[in-house]
Amino acid sequence: MPANLFEIAESCLYASSVEAKLEATEQAARIYREKGFSVDDHSLPKPASEVCFPEHPKLVDPKHLPRRKLTTAAGQIAFLHAIAHIEFTAIQLAWDMVYRFRGMPPAFYDDWLEVAIEEAFHFSLLRGRLRDFDADYGQFPAHRGLWELAEDTAHDVKARLALVPRVMEARGLDVTPSMIAKLDAVGDDSTANILKIILRDEVGHVARGTRWFQYVCNEQGVDPMAEYFSLVERYLRGAVRGPFNTELRRAAGFTDFELERLEAMATESPARIE
Ligand SMILES: [Fe+2]
Ligand SMILES: [Fe+2]
């Protein structure tokens, strides 16, 4: 009997250590390559509010996080730690997309499992780079807010797709190119190259978000564009941050109409590094 995808998703999400989560993701990648999963749904998902985060890093308000000045080693480490935390949370977000929303077509589960595998790869690249500086993930506090949208949208796949890949991950497309430019300017090619890999993959994550958001809207007979803005209004109260990377967002499925409307709503908020 093939392994059940929801069981392995649960074993990842509700494990308390970083290692156990990475191991579950690696095991899933192996099974996916070798024989594939069953998506028989015979138990209800546990609540999103009980998904486990490891004891370290401590999760704090972003104003208590260290400064990320790329011209000092301490700042480089703080920067790498912050990005590693985003990728760590992204592993959880991708697995939660797989786990929580039952009854979707098989290709939906393949897509988000592939995303979880790529997020674990991104995390491992950044963790390796932290170790080059004799640092590790968990030794500094990290941003508390990144899981909040997952909890807010746990009851609604359409809202999750709008708010996580098409707002949070899409924001990565906007801010990562300037981070790469800053890393190039200070001569940190190793980190710049990792961010280039991440940026390439993240276009694909947002594109999957677009594809499945449109699918759910079509199933429900609602207009995807109107629905997207009504969800952004409802969950973010319109607090959209720009400027936008229109080229990469277009590649990830944003329409010109969406981009124009986002521009009109946005407040300018550049990447938080120096
Ligand atoms: Fe990622
Ligand atoms: Fe991603």
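Of the 274 residues of the chain, 42% are classed as buried in this predicted model. The C-alpha atoms occupy a box of roughly 50 × 45 × 30 Å along the principal axes. The radius of gyration is 18 Å, which agrees with the value near 19 Å for a compact globule of 274 residues. Contacts between residues at least 6 apart in sequence are made up, to 77%, of pairs at least 24 apart.

The secondary structure comprises ten helices and four strands. Their order along the sequence is α-α-β-α-α-β-α-α-α-α-β-α-α-β.

The largest nonpolar core contains 74 residues. Within this core, the residues with the most contacts are Ala 9, Ala 94, Trp 95, Val 98, Trp 112, Ala 116 and Ala 162. At least two core residues come from each of α1 (5-13), α2 (18-34), α3 (73-100), α4 (106-132), α6, α7 (189-220) and α8 (224-236). The greatest contribution is that of α3, with 17 residues. In soluble globular proteins, nonpolar side chains tend to be buried together. Apart from neighbours within four places in sequence, Ala 9 contacts Trp 95, Val 98 and Tyr 99.

Helix α6 spans residues 157-185 and thus has 29 residues. The distance from its first C-alpha to its last is 41 Å, close to the 42 Å expected at 1.5 Å a residue. The helix nevertheless carries a kink of about 35° at Val 175, shortly before the proline Pro 177. Because 21 of its 29 residues are buried, α6 is largely enclosed by the rest of the structure. After α6 comes Gly 187, which has a positive phi, near 80°.

A second glycine, Gly 253, is situated in the loop between α9 (246-251) and α10 (256-265). Gly 253 has 20 C-beta neighbours inside 10 Å and therefore counts as buried, the criterion being 20 or more such neighbours. When residues up to four places away in sequence are set aside, Gly 253 touches Ala 207, Thr 210 and Arg 211. The C-alpha atoms of Gly 253 and Ile 197 are 20 Å apart in space, for a separation of 56 residues in sequence.

Conventions:
Residues numbered from 1 in each chain as written. Chains lettered and ligands numbered in written order. Predicted model: local features only at pLDDT ≥ 70, side-chain atom pairs only at ≥ 80, totals over all residues. Expected span 1.5 Å × (residues − 1). Bend = angle between axes of the 7 residues up to and from the residue. Buried ≥ 20, exposed ≤ 12 C-beta atoms within 10 Å, placed from the backbone. Rg over C-alpha atoms; globule rule 2.2 N^0.38 Å. Contact = placed C-beta atoms within 7 Å. Core = buried A, V, L, I, M, F, W, Y, C linked by C-beta atoms within 7 Å.
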